[in-house]
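Reader: Please take a close look at one part of this model, the pairing of its strands, and then work outwards from there.

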Amino acid sequence: MFARAAQRRLLSAKLISVSRLFSSTTPLKTDFDHVVIGGGVVGLAIARSLALHPSSPSTLLVERHRQTGTETSSRNSEVIHAGLYYPPNSLKTRLCIAGRQALYAFCAAHHVPHARVGKWIVAQDEAQLATLERIHALCRDELDVPTRWVGAEEAEREEPVVRARAGVLESSATGIVDSHAFMTALQGQFEDAGGVTAVGTAVLGIEPLKSTSATASSLPGSGGWRLLIRDAQSGEESSITAATLINSAGLGAADVHNMIVPAERQTRLFYAKGNYFSYASSAPKVRRLVYPVTAPGAGGLGTHLTLDLAGRMRFGPDVEWTEDASDYTVNPARLDSAIPEIRKYLPDIDVSALAPDYAGVRPKLRPAGTKEFIDFYIRKEDGFEGWVNLLGIESPGLTSSLAIGELVRDMLYGSRKVEGSPTLVKTS
């Protein structure tokens with residue numbers, strides 16, 4: 001709902017117009033300096049980063065659900081990724097590595113439960129071993145991400161139940177985090193800095209406004225942004241304005257994008273549902289994450305073994321393409337296909353102890369079968385002023401979130417530009 005705090009702030013803002021200088025030469029008079037659409041972990045990190053800027057901007061975070069962080073942000077493996085898998089100059093690599101370092105520091109400083117448990121990537125044949133050799137060389141020569149080979153004797157001693165016929169590459173920088181506690185901390189810091197969270201608030205329409213100043217840009221958005229919103233509890237519709245707009249709506253980001261752009265620039269997302277499976281037995285037991293080697297076009301990193309902070313094992317996600325971004329029903333039929341994949345690296349698994357657990361949906365910029373690497377889409381949109389657009393923010397989005405927040409802040413307050421975002425799939 002458009003919470004009472006947000007309503008009070010909005011009424012105050014309407015009485016005393018807020019003026020901030022961003023990219024135009026004329027200050028804009030709007031209800032808020034920034035509006036961030038989407039209260040997942042990335043939206044929370046962006047809103048926090050903006051609210052903490054020294055100029056103390058007024059920032060509104062709009063979330064359509066009744067709580068923040070209920071979609072992709074809380075339905076994942078909760079892994080802190082090291083940054084092993086992506087091209088060296090990609091946004092995913094740069095933001096993952098910077099975000100991982102920032103996330104460990106944040107968790108330590110603010111008592112967010114986490115653990116640097118490490119990860120083994122296991123190869124079962126020579127082709128998979130060759131893939132691991134390429135990853136190791138990339139991490140050593142270009143990324144400065146720590147990886148090392150685990151010999152057969154050490155592997156047998158450390159994890160005797162794990163099968164790795166051809167080799168093991170260890171990532172010591174990989175960890176796990178309580179994503180819910182992390183998001184709670186982000187939201188707390190955002191609101192402590194004066195930010196306003198409006199949950200249960202749907203965005204119905206967005207209008208880019210043009211500046212009336214003769215010395216300012218005439219592009220859409222140069223005069224700010226008007227949003228039509230609806231409170232889920234009361235059904236009441238209202239209008240707010242902001243100097244800048246950040247689209248971080250996750251699974252709904254294409255819908256927000258399409259509210260703004262002309263028909264020829266509209267796009268769509270593709271949804272990869274991941275099913276997770278719990279494990280109720282105490283044996284076999286492992287002490288670190290275990291990932292298979294995956295092929296290009298798989299849509300994810302394979303049905304891997306992860307741990308929660310209590311040491312319990314779970315498996316997933318698989319990849320099940322869906323047209324329904326809100327389908328979180330675990331497909332029990334997927335367990336039959338997951339078991340052979342799990343047995344490749346954990347042959348002694350007790351199948352009777354596996355059960356459907358939960359599911360998450362990842363927003364993809366390309367459809368099933370796409371083999372080429374697709375980067376995050378983060379850019380100030382051409383032809384508009386004051387709009388930062390984020391699309392296809394999936395893994396490693398959780399790990400990258402703090403770095404993404406800093407990047408968006410610098411895009412609005414500094415001169416940082418983002419190069420290399422992929423082209424979007426058009427709807428027609």
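Author: Histidine 114 has valine 177 as its bridge partner in S10. The model is a predicted one, in which local features need pLDDT of at least 70 and side-chain atom pairs count only at pLDDT 80 or more, while totals for chains, interfaces and linings use all residues. Residues are numbered from 1 along each chain as its sequence is written, and side-chain values use heavy atoms, with hydrogens and water left out.

The bridge between histidine 114 and valine 177 belongs to the contact of S6 with strand S10 (residues 175-177), which is antiparallel and has two bridges. Two strands pair if DSSP finds at least two bridges between them; strands (E, at least two residues) and helices (H or I, at least four) are DSSP runs, numbered from the N terminus. S10 is the middle member of an open sheet of three strands, in the order S5-S10-S6, with antiparallel pairing. At its edges are strand S5 (79-80) and strand S6 (114-115), each of which pairs on one side only.

Strand S9 (residues 167-171) also has antiparallel partners. Strand S7 (residues 119-123) is joined to S9 by five bridges, and the two run antiparallel; here valine 122 has valine 168 of S9 as its partner. Strand S8 (residues 147-150) is joined to S9 by four bridges, again antiparallel, with serine 171 of S9 as the bridge partner of threonine 147. S9 is largely enclosed by the rest of the structure, because five of its five residues are buried (under 20% relative accessible area with a 1.4 Å probe, protein chains only; over 50% is exposed and in between is partly exposed). In a regular strand, side chains alternate between the two faces of the sheet. From S9, Gly167, Leu169 and Ser171 point one way and Val168 and Glu170 the other, and all are buried.

Lysine 119 is within the residue range of S7. Its charged end sits over the ring of tyrosine 291, 4.2 Å from the centre, a contact that requires NZ of Lys or CZ of Arg within 6 Å of the ring centre and within 35 degrees of the ring normal. Arginine 116 lies over the face of tyrosine 104, at 3.8 Å from the ring centre.

Rings also pair with one another, and the count comes to eight aromatic pairs (Phe, Tyr or the six-membered ring of Trp, centres within 6.5 Å; planes under 30 degrees apart are stacked, over 60 edge-to-face, the rest tilted). Tyrosine 279 and phenylalanine 315 form an edge-to-face pair, because their ring centres are 6.1 Å apart and their planes stand at 90°. This pair links distant parts of the chain, with tyrosine 279 in strand S15 (residues 270-279) and phenylalanine 315 in strand S18 (residues 313-316), 36 residues apart. Both tyrosine 279 and phenylalanine 315 are buried. Elsewhere, Tyr85, Tyr86 and Phe373 are linked by ring pairs into a cluster.

Two helices complete the account. Helix H2 (residues 41-51) is mostly covered, with eleven of its eleven residues buried, including Val41, Leu44, Ile46, Arg48 and Leu50. Threonine 399 lies in helix H9 (residues 397-413) and counts as buried because its relative accessibility is 1%. Threonine 399 and glutamate 78 are 321 residues apart along the chain, with 8.8 Å between their C-alpha atoms.
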